[in-house]
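User: Hi, could you walk me through a structure? I'm new to this, so plain sentences would help.

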Amino acid sequence: MKYKNIREEELKNKVGADWFKAFDTTEIIGNIDFTVLPKQDSLFGRTPLLWAEAKTGNFDVATMFVQLVLTIGKARTFDKTLPPAFLGAFDFKKIAFVPYISIQDIFYLNDFNWNVTPSNHDTKEFKLIKERIEATLNKNSSIYDYQTDEKELKFFIANNIAKATEASKIKIDKNNFIPIYIRWLEIVKPIIDVNWDDLKKANILDSDFYLADLFVDDKDTQKIDDDASIRDNLFVVFQNQGYTIAKENIKQMFDATINIKNREVYQHFWKRYKRPPIKQFQDYIIERRDLLVPQDIRERKGAFFTPRPWVELSQKYLTDVLGENWQDEYYIWDCASGTGNLLVGLTNKYNIWASTLDQADVKVMHERIEHGANLLESHVFQFDFLNDDFSKLPQGLQDIINDPEKRKKLVIYINPPYAEGDNIKGIGRKDIQVSKIHSKYQKIMGKASSEMFAQFFTRIHQEIPNSILAEFSKLKVLQAPNFSDFRGFFKAKLEKLFVVPADTFDNVQGQFPIGFFIWNLNKTEIFEQTIADIYDTKGNFIGEKTVTSYDNSKYISDWLETYSKKISNDYIGHMASVGNDFQNQRMIFVDCEEKQNWKKGGRHTRVTTENLIYASIYFAVRKVIPATWLNDRDQFLYPNDGWKTDTEFQSDCLTYTIFNNNIQSKFGTNYWIPFTENEVNAKEKFESNFMTDFIKGKIKPEKQDDGLFNQENKTNISSKANGVSLQFSEEATDVFDAGRELWRYYHSQKDINVNASLYDIREYFQGRNDKGRMNSKSTDETYTELIGNLRQKLNVLAQKITPKIYEYEFLKQ
């Protein structure tokens with residue numbers, strides 16, 4: 001057998017290399033085992049060509065496809081990214097393909113439980129799917145043996161996968177026809193060759209052209225001839241590769257066909273969607289054309305706080321959790337609505353309520369209603385959620401809140417104000433703390449009480465119990481130590497979560513994640529861990545992230561303190577640090593500044609012979625993994641004991657710290673020179689040879705009485721424990737070799753400081769600007785090459801250290 005007795009990851013790599021080398025098979029989409037995409041982007045980005053299930057055993061084809069279908073259906077991957085042209089399944093012997101379009105209807109089954117484990121072949125759901133698709137697979141699948149069908153397989157890939165430019169299309173229903181319209185406005189409307197002002201005078205709107213586009217088939221052929229109710233309600237129809245005005249009393253004013261200026265853009269847009277809309281929703285879309293009004297659309301397109309793509313996506317997730325008809329079955333209250341953009345796209349105005357602090361915002365929403373916004377004026381009102389009594393609410397909303405059964409069907413749907421991005425003007429931290437809710441619940445909220453969004457959530461949890469809370473907020477609600485008291489009482493089931501970059505929100509600064517959470521307050525759960533979907537700035541689904549609570553955890557700062565309690569007074573440097581998460585990474589540095597500067601905020605640790613290795617581990621662990629918007633709130637923890645006997649890990653971390661510190665000789669003796677005078681051809685003797693002596697095992701710590709270095713403690717740090725030289729890995733040795741060449745080049749220059757640190761060497765070659773800041777580069781080409789080589793070797797070392805950080809549980813996976 002071609003791929004027998006190998007692991008699944010190796011199987012996927014080999015299949016990718018042997019059969020799909022002309023494509024990109026590196027991208028991971030959700031929990032799908034294997035993905036094939038074209039290497040080059042098209043006009044609208046890359047369209048997936050294949051999603052496949054991989055198995056290392058010898059499975060029947062139907063079983064593999066059923067597991068793939070359940071994986072896709074459970075995550076609704078087809079809603080997060082464009083589906084592929086083909087689905088596939090392969091094991092060590094064979095590979096099979098089936099057109100996605102031939103089985104896509106399975107994903108629209110009513111009342112089907114998609115929350116089963118896809119790999120459990122004994123569930124009734126697994127058997128039901130298998131029963132439904134076996135006939136389709138027998139008719140539409142293509143199966144190839146890697147060895148006996150090699151030529152046929154290559155031919156299929158070259159003539160089907162490679163040419164699959166038209167992926168399976170997204171079906172249009174009542175939940176997505178408005179978001180599709182908003183995209184249509186951006187891409188299709190500008191290429192329609194017409195004077196929109198003239199049309200507006202005749203009461204023909206851009207939405208009429210959109211509806212004309214909807215009610216054609218995939219060949220742009222009109223599909224309304226047999227449906228009088230639809231035909232009679234279209235003011236514009238698509239025919240002869242253009243638009244024709246169909247409104248009787250004005251069509252003579254526009255008797256010519258209205259053309260499309262760029263057919264390629266038009267076709268690329270509509271290739272993503274299956275037209276016409278699903279039959280059962282066609283009448284609904286025509287009846288609710290009032291939702292597609294120009295003024296309302298302008299309000300949706302970015303005038304307010306929550307970005308439009310995240311509004312659309314949040315409503316998609318609510319549909320996934322609450323069901324296709326949730327807008328008819330649930331009541332919705334946005335109690336921090338601003339001017340109401342979070343409610344855009346919702347269809348049942350009789351079930352929607354909106355309140356805001358500012359009367360001016362209420363006036364704006366009332367004006368929008370006059371221009372067609374899908375809200376009831378009596379359901380939009382001024383209300384200070386953090387101070388006002390619920391008796392001030394409209395009677396209809398009071399009736400819902402006061403009825404335990406109706407309350408279970410109430411969705412509090414909000415993007416509340418928080419520190420970096422208030423859309424309520426004039427609120428600072430002092431103002432935050434004076435609300436009645438702050439005073440009432442401060443004791444149970446603890447430190448979280450200083451956060452306005454935490455006050456919103458607290459009142460909802462305590463005073464509107466058993467409801468659904470659908471909210472945008474930071475991940476600190478799940479992870480931050482300051483929210484531990486909050487999590488102590490806020491016990492609810494987190495049904496769904498996606499995260500996006502914070503800087504996609506108006507007026508939000510910083511690189512951190514903002515999540516959309518759907519909480520079921522009717523279920524009592526202590527949050528421990530969840531899987532969040534991740535979207536990038538463009539709204540593309542890029543994977544999943546495990547989000548964990550750190551309650552009852554000890555942190556890396558606790559670990560460092562353990563090994564820094566009893567140290568000598570002969571320190572060689574100072575390490576500053578703040579917090580235990582990635583957002584404070586830039587605040588971690590090693591220097592040798594004067595003592596009086598050591599007490600300015602954060603933690604300050606003297607680095608001595610006794611704790612040099614521990615400080616270096618701390619420093620490297622917190623620095624080698626780049627801080628990103630996604631890991632910003634991840635916490636570094638107290639490790640397991642694995643690091644204690646891993647001397648290579650210890651010396652790798654020491655190496656990383658030696659070549660990454662901010663030591664400057666002008667502030668005192670430089671103890672951090674990692675080479676002897678002979679190694680770098682120094683012109684004079686160094687003031688200190690501490691670091692090379694330490695590496696060679698010549699320097700031992702003062703006697704400790706806490707057992708840090710005795711046999712029982714089982715901490716194996718050879719240089720300190722028994723005077724044996726440290727041993728370095730190949731990657732660490734490469735760093736020393738690169739650094740040595742840099743030091744030699746520096747010592748060959750004139751007017752140098754013989755005791756120079758790496759920082760001093762960089763300053764010598766790069767200089768400073770007129771503001772006193774070190775320049776980012778040098779005009780000396782040799783130096784540039786040498787420092788570049790050193791940084792490259794350090795990056796390799798950082799990559800080697802990274803897996804150990806997870807292995808020793810400094811970070812949770």
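**Helices, a sheet and cysteines**

Analyst: Let's begin with a pair of helices, keeping in mind that this is a predicted model. The axes of helix H30 (residues 730–747) and helix H32 (residues 781–807) come within 9 Å of each other, and they cross at roughly 160°. Because angles over 145 degrees count as roughly antiparallel, H30 is roughly antiparallel to H32.

User: Ok, and is that crossing left-handed or right-handed?

Analyst: The crossing of H30 and H32 is left-handed.

User: Which residues meet there?

Analyst: On the H30 side, the residues that meet H32 include Ala732, Val735, Leu742 and Tyr745. On the H32 side, the residues that meet H30 include Tyr783, Leu786, Leu790 and Leu797.

User: Switching topic, what is the strand order in the open sheet of three strands?

Analyst: The order is E20-E19-E21, with antiparallel pairing. E20 and E21 are the edge strands, each of them pairing on one side only, and the twist from one strand to the next averages 25°. Helix H25 (residues 612–623) packs on this sheet and touches E19, E20 and E21, while its direction makes about 35° with that of E19.

User: How many bridges join E19 to E20, and how many to E21?

Analyst: Strand E19 is joined to strand E20 (residues 589–591) by three bridges, and the two run antiparallel. With strand E21 (residues 603–607), E19 pairs over five bridges, again in the antiparallel sense.

User: Which residues stand opposite Met575?

Analyst: In E21 the bridge partner of Met575 is Thr605, and in E20 Met575 stands opposite Val590. Further along, Ser577 stands opposite Arg603 in E21.

User: How many residues of E19 are buried?

Analyst: Strand E19 (residues 573–577) is mostly covered, with five of its five residues buried.

User: And which ones sit on which side?

Analyst: Gly573, Met575 and Ser577 lie on one side, His574 and Ala576 lie on the other, and both faces are covered, since all of these residues are buried. In a regular strand the side chains alternate between the two faces of the sheet.

User: Last thing, how many disulfides does the structure hold?

Analyst: The structure holds zero disulfides.

User: What about Cys335 and Cys653, buried or exposed?

Analyst: Cys335 has a relative accessibility of 2%, so Cys335 counts as buried, the cut-off for buried being under 20%. Cys653 is buried as well, because its relative accessible area is 0%.

Key: Residues are numbered from 1 along each chain as its sequence is written. This is a predicted model: local features need pLDDT of at least 70, side-chain atom pairs count only at pLDDT 80 or more; totals for chains, interfaces and linings use all residues. Side-chain values use heavy atoms; hydrogens and water are left out. A disulfide is a pair of cysteine sulfur atoms within 2.5 Å. Buried means under 20% relative accessible area, exposed over 50%, partly exposed in between (1.4 Å probe, protein chains only). Helices (H or I, at least four residues) and strands (E, at least two) are DSSP runs, numbered from the N terminus. Two strands pair if DSSP finds at least two bridges between them. Axes are lines fitted to C-alpha atoms, for helices over the stretch in contact, and angles run from 0 to 180 degrees between N-to-C directions. Contact means heavy atoms within 4.5 Å. Angles under 35 degrees count as roughly parallel, over 145 as roughly antiparallel, 65 to 115 as roughly perpendicular and the rest as oblique. A crossing is left-handed if the near helix is turned anticlockwise from the far one by less than a right angle, and right-handed if clockwise.
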